[in-house]
Structures are given as structure tokens and as C-alpha cells.
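Hi everyone, thanks for coming. I'd like to walk you through a protein model today, so have a look at the screen.

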Amino acid sequence: MKTETLRRKLVSAATTIGGILWLRSSRRRRRRDARLHRSFTEVLLHVLSAGDAATERHSRRVAELTGVLAAEAGLGQKKRRTLRIASLLHDMGKVDEEFYDIVHGRAALDREERARIEHHPYRTAHLLAPLEWAHPGLTRIVASHHERWDGRGYPQGLHGEEIPEAARMIALADAFDAMTQRRVYRDGGAVGEAIREICTGAGEQFDPTLVDLLRSPGVRRKWIAVARKGRVEEMEAEAQAAESG
Ligand SMILES: [Fe+2]
């Protein structure tokens, strides 16, 4: 009897220890996978930066801005991870040779160039397709980041909730960054002006529910901080470019 009790205790202890070891190794594996994923995203951003450093800086800011929106909207961890990857890489398609002269040109785009650049969301989706298994929905999100709530966006002219929520968030952050950084040399109220313009575009260009999130003082404060930091980065990049002739 004593031997049987001892055997049971040993089996139970072995099962517990085995379970702990399995949990530890699977946790370690998950951490390693997550780290590998982050490193891989960084590699892609370096590739993007080599071709177009301004787009890389812009993409990092967009990821910060959408991260603030996602936290305020209470998005789950999995959706937030996909949103972050999509935000960081949404313009990856612009590295394609097809867009080189447009991305690096200084003159305003003509009709043909505008039509051509409107293909870059598809190009991004194509480049990121191998990641779809790890982030279901990623290709649809990046393919839709220039769609508008009222259906007048591109490339497909999707309407309202036909557009994935993450793509609607990227569209909002993308527009805010473009507005605030385009006015890099204008002082004062440009950030406030950008938020006002976005509020005006609620229900037309932008998802009104997401625009509502900007009414939260916490969200506003964080977005303004990203815009300010971005201005410093852009001025530094400008100064560096001037120095290297
Ligand atoms: Fe884009």
C-alpha cells in the first residue's frame, strides 16, 4: 500500500514538473517567435529606409498614432499586433522600382503618375502576402489604407465598414502625419488645425467613430507628442541632407 501511495505521488510530481517544463519551453518559444517577428519587421523597415528614409520615418509615426487609437478603442492584443505590422509596413510597396521617380521626384504629380502611385497599396499587399498566415487580414488592411469612409478613396472605392477597421485607423493616422509634417516650418497651431481638419472630414474621408476617439484629451495629447517629435526628426533629416550636399 505504501509503495502504491509513493508511486502515485511520484507520478503526480513528475506530471507537474513535466507540465511546468512544457509551459516554460512553450512560453520561451512564443517569446522567441515574437522577437523574431519584431526583428524581421525591423529588417523590412531598413530596406524601406534604404530606398526612402522619409517613408520609413512616416511609417514609424503612423504606427505610434494607430497604437494610441487601438488602446483607446480597446482592441485585443492579436488585432493590435496585426495593426502595428500593417502600420509600419503599409507603404512598403513604394520601394518598387515602378514608383522610384514618383517617390523621389520634387514636382507635383501629373495625372499618369497619380494613377500609377494609386497602385502602391496593391504592391504592398503583394509584398506582405507571405506574412498573411501569421497575421490574418494583413493584406486586406494594407491594400485598403487609402480608402475613404464615403467610398471616394482608392484603389477599390470601398465604403464604410467594408474597409477593415485597422485600415481606417491607418488612414486617419496617415492623413494626420501628412498634414502635420507637411507644415514642418509653420509654427504654432498646425497640429490643432490638422485635428480640426480631421474632425471636419468625419463621415466623409474618415470613420466618424474613430474621429470621436480624438476627442479624448489623452489621445489628443499623445498624438500631438508624436507630431512634435516627428517635426524634430524631419528637421534633423533636412539638416543632415543639407550638410551632405
Ligand atoms: Fe500609402
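Let me start with a puzzle: are α2 and α11 roughly parallel or roughly antiparallel to each other? Keep that in mind for a minute while I show you the whole thing.

One caution before we go on: this is a predicted model. The protein chain has 11 helices and zero strands. So if you read along the sequence, you just get α after α, right through to the end of the pattern.

What about the overall shape? The C-alpha trace spans about 90 × 40 × 35 Å along its principal axes. The radius of gyration of the chain is 23 Å, whereas a compact globule of 245 residues would come out near 18 Å. As for burial, 31% of the 245 residues count as buried. And if you take the contacts with a separation of 6 or more, 65% of them are between residues 24 or more positions apart.

Okay, back to the puzzle. Helix α11 covers residues 217-243, and its axis comes within 10 Å of the α2 axis, crossing at roughly 170°. An angle over 145 degrees counts as roughly antiparallel, and therefore that is what α2 and α11 are to each other. On the α2 side, the contact includes Ala53, Arg57, Arg61 and Glu64, and on the α11 side it includes Val219, Lys222, Trp223 and Val226. Sorted by class, the contact has seven nonpolar, one polar and six charged residues.

Now, α2 has another partner. Helix α2, residues 53-73, packs with helix α3, residues 77-89, at an angle of about 155°, and their axes are 7 Å apart. That makes this pair roughly antiparallel as well. If you like handedness, α2 passes α3 in a right-handed crossing. Among the α2 residues meeting α3 are Ser59, Val62, Ala63 and Thr66, and the α3 residues they meet include Leu83, Ser87 and Leu88. The class count for this contact is six nonpolar, four polar and three charged.

Next stop, helix α6, at residues 120-128. Which of its residues are buried? They're His120, Pro121, Arg123, Thr124, Ala125 and Leu128. What covers them includes α3, α5 and α7.

Move past α6 and you reach Gly137, in the loop between α6 and α7. Gly137 is partly exposed, with 16 other C-beta atoms within 10 Å. Here's a neat bit: Gly137 and Thr82 are 55 residues apart along the chain, yet their C-alpha atoms are separated by 8.1 Å. If we ignore its neighbours within four places in sequence, Gly137 is in contact with Thr82 and Pro164.

Compare that with Leu21, which is found in helix α1, residues 2-51. Leu21 and Thr41 are 20 residues apart in sequence, but 30 Å apart in space, C-alpha to C-alpha. Is Leu21 buried or exposed? It counts as exposed, because it has 10 C-beta neighbours inside 10 Å, and the cut-off for exposed is 12 or fewer.

One last oddity before I stop. Most peptide bonds are trans. The bond from Tyr154 to Pro155, though, is cis, with omega near 5°. You can find Pro155 in the loop between α7 and α8.

That's my tour, so over to you for questions.

Conventions
Residues are numbered from 1 along each chain as its sequence is written. This is a predicted model: local features need pLDDT of at least 70, side-chain atom pairs count only at pLDDT 80 or more; totals for chains, interfaces and linings use all residues. Helices (H or I, at least four residues) and strands (E, at least two) are DSSP runs, numbered from the N terminus. The radius of gyration is taken over C-alpha atoms; the globule rule is 2.2 Å times the number of residues to the power 0.38. A residue is buried if 20 or more other C-beta atoms lie within 10 Å of its own, exposed if 12 or fewer, and partly exposed in between; C-beta atoms are placed from the backbone. Two residues are in contact if their C-beta atoms, placed from the backbone, lie within 7 Å. Axes are lines fitted to C-alpha atoms, for helices over the stretch in contact, and angles run from 0 to 180 degrees between N-to-C directions. Angles under 35 degrees count as roughly parallel, over 145 as roughly antiparallel, 65 to 115 as roughly perpendicular and the rest as oblique. A crossing is left-handed if the near helix is turned anticlockwise from the far one by less than a right angle, and right-handed if clockwise. Ala, Val, Leu, Ile, Met, Phe, Trp, Tyr, Cys and Pro count as nonpolar, Asp, Glu, Lys and Arg as charged, and the others, Gly among them, as polar.
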